[in-house]
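User: Could you take a close look at one part of this model for me? I'd like a connected walk through the helix packing, and then the DNA contacts.

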Amino acid sequence: MPELPEVETVRRSFVRARLQGPVTAVWRSAKALRTGNAWNQENLQALEGARPGKLQRRGKFLVWRFDTDAGTLGWLVHLGMSGRFVIARPDTQREPHTHVVVSFEDGREARFVDPRRFGGMRVAPIEQLFAEPPLSDLGPEPLARGFDMACLERAAGKSKRALRDVLLDQRVVAGVGNIYANEALFEARLHPLLPAYRLSESAWLRLADAVVSVLTRGLSNGGTTLRDYRDGNGRAGRNQDALNVYGRAGESCHDCSAVIVGFTLGGRGGAFCPEHQRRSRARRVP
DNA sequence: CAAGAATCCTGAATGC
DNA sequence: TGCATTCAGGATTCTT
């Protein structure tokens, strides 16, 4: 599932590819993406004739600027669970579940492939795109200057919610998903089910540092590929080998050899080390 | 207001 | 072997 490091890796591969405009054609499959999502108004035909500009990322969203005679448009793309955004030659076979193809004058095309169709997209004037949900609801960028423990504490310091769910809330911090939430909690030595209001100042500091640290490592490893994720050139990431807890329930902890414990909360799985991530400071009596 | 459940979807994994 | 069932999960919307 693409989270901040994966989406940023995709962004970088598109920036390196430097697709040259203008857009010559837009193709859309017959199947809808994520119905029941108010912002998912595709309006893709507005991109025809537009010239590609800066490609940005906000949380797990890509925002690609396109210049037209009538002003600047933004193409908002979310990869959902199984989405891929790839650069391809027109004469190569389209993967199954290809739902959007945008062709550029230089002969290449951008393809959006999403088997589960949990992804979404929208084209709108750029100011409007940033002013409305989902972008307007996002919390701070964890890898930007200014992100620190105060951001987390302000947003969730009084919440009774479990830490794992606080980290998944895009209003608290943008771009963290289930993999990196669990990894950050391991790194910070905090139990994923601990209510947020119980954290001490030092624990908030550890957590903020851990979020930055696991995202940075994920990014330098080119993202985590558990199943579907690929970068813009179709390549898998390498961060799956660096995971400490996510997907490792029943295996032993890399640091202490305790057996990693799996759990489910709100329909979403997670995992933690029972030795490193205790609910309280009290040590268990052997 | 907050927290939990339901919703969307398909392929992989499991069950019989 | 083959068919049916279960499950996973991001973000939103609906309930409680």
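At roughly what angle do the axes of helix α1 (residues 4–17) and α6 cross, and within what distance do they come?

Analyst: Some ground rules before the helices. This is a predicted model, where local features need pLDDT of at least 70, side-chain atom pairs count only at pLDDT 80 or more, and totals for chains, interfaces and linings use all residues. Residues are numbered from 1 along each chain as its sequence is written, chains are lettered from A and ligands numbered from 1 in the order in which they are written, and side-chain values use heavy atoms, with hydrogens and water left out.

Now your pair: the axes of α1 and α6 cross at roughly 40 degrees and come within 8 Å. Helices here are DSSP runs (H or I, at least four residues), numbered from the N terminus. Axes are lines fitted to C-alpha atoms over the stretch in contact, and angles run from 0 to 180 degrees between N-to-C directions. The crossing of α1 with α6 is right-handed (the near helix is turned clockwise from the far one by less than a right angle). On the α1 side, Leu4, Pro5, Glu8, Thr9 and Arg12 meet Leu215, Gly218 and Leu219 of α6, contact meaning heavy atoms within 4.5 Å. By class, that contact has four nonpolar, two polar and two charged residues (Ala, Val, Leu, Ile, Met, Phe, Trp, Tyr, Cys and Pro are nonpolar, Asp, Glu, Lys and Arg charged, and the others, Gly among them, polar).

Helix α6 (residues 201–220) also packs with α5 (residues 178–187): their axes come within 8 Å and cross at roughly 125 degrees. The pair is therefore oblique, a word for angles that are not under 35 (roughly parallel), over 145 (roughly antiparallel) or 65 to 115 degrees (roughly perpendicular). This crossing is right-handed as well. Among the contact residues are Tyr180 and Leu185 of α5, and Leu207 and Leu215 of α6.

On to the DNA. Strand B has ten residues around it, with His97, Pro115, Arg117, Lys160 and Arg161 the closest (near means a heavy atom within 4 Å). A side-chain N or O atom of His97 is 2.7 Å from a phosphate oxygen of strand B, and for a polar side-chain atom of Arg117 the distance to a phosphate oxygen is 2.5 Å; polar contacts are pairs of N or O atoms within 3.5 Å. Around strand C there are 17 residues. There, Lys60 has a polar side-chain atom 2.8 Å from a phosphate oxygen, whereas the side chain of Arg116 places an N or O atom 3.4 Å from a base nitrogen.

Technical notes. A polar contact is a pair of N or O atoms within 3.5 Å; within protein, one must be able to donate a hydrogen and the other to accept it, and residues adjacent in sequence count only if both atoms are side-chain atoms. Helices (H or I, at least four residues) and strands (E, at least two) are DSSP runs, numbered from the N terminus.
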